[in-house]
Amino acid sequence: MEFQSQQPCTVAAVVTRGSTPCCAAGYADGCLRLFDLSTAALAWSAYHHSAGAAIFAMHLSPDGMELLTIARDGSMALFSLRDGGLLGEWQEAASDTTGQRAAAAAVSREDKAMCAVAYAGSCIVVSSPWRQRACVVKGRYVCPQTCLAMESADSVPASVAFGPQGTVLYSSPLLQTMVEYDYEQGGVLRNIGMQCCATVLDLSFCGTMVAFADANGSVGLFKYHEGDVVRQQGQFMDCQTLHFTPDNQYLMAGAGRTVVMYSMRC
């Protein structure tokens with residue numbers, strides 16, 4: 001299947017349109033395309049992020065009918081999977097600091113009701129636009145070291161993941177640690193001690209374990225409720241993604257062309 005673009009594909013996901021398996025692909029110029037995997041044909045193509053900001057994250061709605069895209073400038077757009085129609089666009093998750101680019105994004109796992117976007121110096125939590133066509137800011141954490149110069153998202157590996165109860169885990173090189181932020185109450189609940197910032201985060205489906213990769217190339221686990229690092233899984237340089245399997249038995253880590261699977265049962 002050809003991705004039919006001279007622009008690099010920056011994010012892709014397998015989705016289902018009705019009963020048809022498809023691949024949604026976002027591009028460096030803000031374009032979004034949907035491909036029918038049964039025929040390898042282009043189903044539709046759409047543009048939203050007119051400033052040319054690359055799409056780096058996408059999330060499927062709970063009913064599987066809509067696709068939310070997030071670009072490096074923090075802009076968000078909602079598309080219909082049926083025909084690619086634009087259902088809404090928002091700037092509420094964009095950073096207040098000029099020049100900052102979004103480094104990571106996450107959607108709350110249980111109901112997908114919240115979306116968080118992480119920057120080098122801040123983390124913004126907004127409501128997801130599934131039912132009401134609006135993104136309302138629910139919380140904003142700003143690093144204390146805001147006077148330091150900001151770099152581009154390509155070199156600042158901030159990370160974010162939702163906790164199980166109205167919180168987000170956020171890490172940035174400006175912190176050199178990880179904080180758990182209560183976006184409903186607007187305060188930091190705790191600092192989770194780490195030797196350096198986490199570049200990638202993922203919460204297990206059971207809500208008890210958090211996987212992380214750090215700037216030193218270590219992949220490890222800590223217990224969510226205790227906050228203690230319980231096991232270093234090993235060295236995996238330039239880890240770009242971490243995902244628990246739904247049965248919580250395995251952890252998948254990816255970097256470039258390499259994927260490593262860790263067993264959680266040992």
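Which residues is V168 in contact with, leaving aside its neighbours within four places in sequence? I looked this up in a predicted model, where local features need pLDDT of at least 70, side-chain atom pairs count only at pLDDT 80 or more, and totals for chains, interfaces and linings use all residues. Residues are numbered from 1 along each chain as its sequence is written, and side-chain values use heavy atoms, with hydrogens and water left out.

I found V168 in contact (heavy atoms within 4.5 Å) with A116, C123, V125, V160, A161, F162, G163, V179, E180, Y181 and Y183.

Next I checked the largest nonpolar core (buried Ala, Val, Leu, Ile, Met, Phe, Trp, Tyr and Cys residues joined through side-chain atoms within 4.5 Å; buried means under 20% relative accessible area, 1.4 Å probe, protein chains only). It has 20 residues, and V160, F162, V168 and Y170 touch the most other members. Strands (DSSP runs of E, at least two residues, numbered from the N terminus) that each supply at least two of its residues include strand 13 (159–162) and strand 14 (167–172). Strand 10 gives the most, with three residues. I also noted a second, separate core of 18 residues, with M76, W90, C115 and W130 among them.

Then I took the whole protein. I counted zero helices (H or I runs of at least four residues) and 23 strands. Of the 266 residues, 52% are buried. Among contacts between residues at least 6 apart in sequence, 39% join residues at least 24 apart.

Note on methods: Buried means under 20% relative accessible area, exposed over 50%, partly exposed in between (1.4 Å probe, protein chains only).
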